[in-house]
Amino acid sequence: MIQLFSRQLAAALQLTLLLVLALPAFAQPHFNGGKAYQYARAFAAIGPRWPTGPGHVKAEEFIRNQFRHDQLEEDTFIANTPIGPVTMHNFIVRFPGKKDGVIVLGTHYETNYPLRTINFVGANDGAATTGLLMAIADQLRGKTLDGYSVWLVFFDGEEAIQQWSASDSTYGSRHLAAKWGGNGTLGKIKAFVLADMIGDKDLDIQRETRSTGWLVDLVRQAAKKYDYEHYFFQTEEPVDDDHLAFVQRGVPSIDLIDLDYGPNNSYHHTAKDTMDKVSAHSLAVDGDVILETIRLIDIR
Ligand SMILES: [Zn+2]
């Protein structure tokens, strides 16, 4: 009788222990990738958003409306491009934190001028990460953050107007990095995290070789927390992107980018870059890892 009781007790204790150990895994709230996907789908539904085109004006309106109750700054500038001067618009949304310093999350939102002749909506290339940042904003809004302030930046003019070169690409980030370098803002930035083309259903984020080592390590650590390691850094290569102007000015930066999109990269910069190639799950992976990376930077 006593033996039976103790056996039952032992079993009950074992079950309790199992539940307690398993609880953090169940209780770990995941980022709402579905929300990010919804924003991305609505944004991509605007259609092509090349600079000077009508869709671009609608994209600007979408961003202004999305952040109408937030600290939204519009950074308008004139870019010298192969087709002449083009007015461009970066958008900066600020969520204040208790710690002195800033973490910047960036994406580009426009589509390619040379692709204006096809129906290129940039579902993965521009819209997915725009939706991702909008869903991240939903997590940051309405409170003072315990860590650093987080600023979201929606860059214009990442894509080449004619053909990719150092002077015909990344207009928005080069403009903003120079402006923030001149007025002292860059000195406040603890980390710059760029998201580009990481809505891909078949997610494999490269280790971009000019990204800052400790930031790569923190992202890897964040991915490990969720057992997401296989999505990250299985291959490495240098990529020219919106982070470079910040890297060149000494800001710790990382480009989270998946350059492998569709069979033989056949969805990249084609009319095949549509929402059916993007998944809420990939955006949940991104959101989980970016938010955890922010937490790790805050306690670094
Ligand atoms: Zn692109």
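This is a short walk through the structure, from its nonpolar core to its zinc site, its charged pairs and a few unusual backbone angles.

The model is predicted, so local features are taken where pLDDT is at least 70 and side-chain atom pairs only at pLDDT 80 or more, while totals for chains, interfaces and linings use all residues. Residues are numbered from 1 along each chain as its sequence is written, and side-chain values use heavy atoms, with hydrogens and water left out.

Let us begin inside. In soluble globular proteins, nonpolar side chains tend to be buried together. A nonpolar core here is a set of buried Ala, Val, Leu, Ile, Met, Phe, Trp, Tyr and Cys residues joined through side-chain atoms within 4.5 Å. Buried means under 20% relative accessible area, exposed means over 50%, and partly exposed is in between, using a 1.4 Å probe and protein chains only. The largest nonpolar core has 62 residues, and the members that touch the most others are Leu-105, Leu-132, Leu-152, Phe-154, Phe-232 and Leu-256. Helix H4, residues 123–140, gives the most to this core, with ten residues. Helices (H or I, at least four residues) and strands (E, at least two) are DSSP runs, numbered from the N terminus. Apart from the largest core lies another one of 16 residues, including Val-102, Ala-177, Ile-189 and Val-251.

Phe-154 is a good place to pause. Contact means heavy atoms within 4.5 Å. Setting aside neighbours within four places in sequence, Phe-154 is in contact with several residues, among them Ile-63, Phe-91, Tyr-109, Leu-133 and Met-134. Follow the chain to Ile-63 and you arrive in helix H3, residues 54–66. Ile-63 counts as buried, at 0% relative accessibility. With the neighbours within four places again left out, Ile-63 is in contact with Phe-43, Leu-72, Phe-91, Tyr-109, Met-134 and Phe-154. By way of scale, the C-alpha atoms of Ile-63 and Gln-162 are separated by 26 Å, and these two residues are 99 places apart along the chain.

Now for the metal. Which residues coordinate the zinc ion? They are Asp-125 (OD), Glu-159 (OE) and His-269 (NE2), at 1.9 to 2.1 Å. Donors are N, O and S atoms within 2.8 Å of the metal (3.2 Å for Na, K and Ca), and because water is not among the atoms, sites may look incomplete. Along the sequence, the donor residues follow the spacing D-x33-E-x109-H. Glu-159, in the loop between E4 and H5, and His-269, in the loop between strand E8 (253–257) and helix H8 (280–298), link distant parts of the chain, 110 residues apart. Glu-159 is buried, with a relative accessible area of 5%, whereas His-269 is partly exposed at 27%.

His-269 has something else to show: its phi is near 55°, a positive value in a residue other than glycine. Most residues other than glycine have a negative phi, and most peptide bonds are trans. Thr-170 also has a positive phi, of about 45°, although it is not a glycine. Thr-170 sits in the loop between E4 and H5 and counts as buried, at 7% relative accessibility.

Asp-168 belongs to the loop between strand E4 (145–155) and helix H5 (171–182). Is Asp-168 buried or exposed? It is buried yet has no salt bridge, and the nearest side chain of opposite charge, Arg-174, is 6.6 Å away. For charge, Lys and Arg count as positive and Asp and Glu as negative, while His and the chain ends are not counted. A salt bridge is a side-chain nitrogen of Lys or Arg within 4 Å of a carboxyl oxygen of Asp or Glu. What Asp-168 does have is a polar contact of 2.5 Å between its side chain and that of Tyr-171. A polar contact is a pair of N or O atoms within 3.5 Å; within protein, one must be able to donate a hydrogen and the other to accept it, and residues adjacent in sequence count only if both atoms are side-chain atoms.

Elsewhere, the structure holds 16 salt bridges. One of them joins the side chains of Asp-138 and Lys-35, at 2.9 Å from N to O. Asp-138 lies in helix H4 and Lys-35 in helix H2 (residues 33–44), so this pair ties together parts that are 103 residues apart in sequence. Asp-138 also forms a salt bridge with Arg-141, where the closest N and O atoms are 2.7 Å apart. Arg-141 is partly exposed, at 29% relative accessibility. Another salt bridge joins Asp-276 and Lys-277, at 3.2 Å from N to O. Asp-276 is partly exposed at 44%, whereas Lys-277 is buried at 14%. Lys-35, Asp-70, Asp-138 and Arg-141 are joined into one network by salt bridges that share partners.
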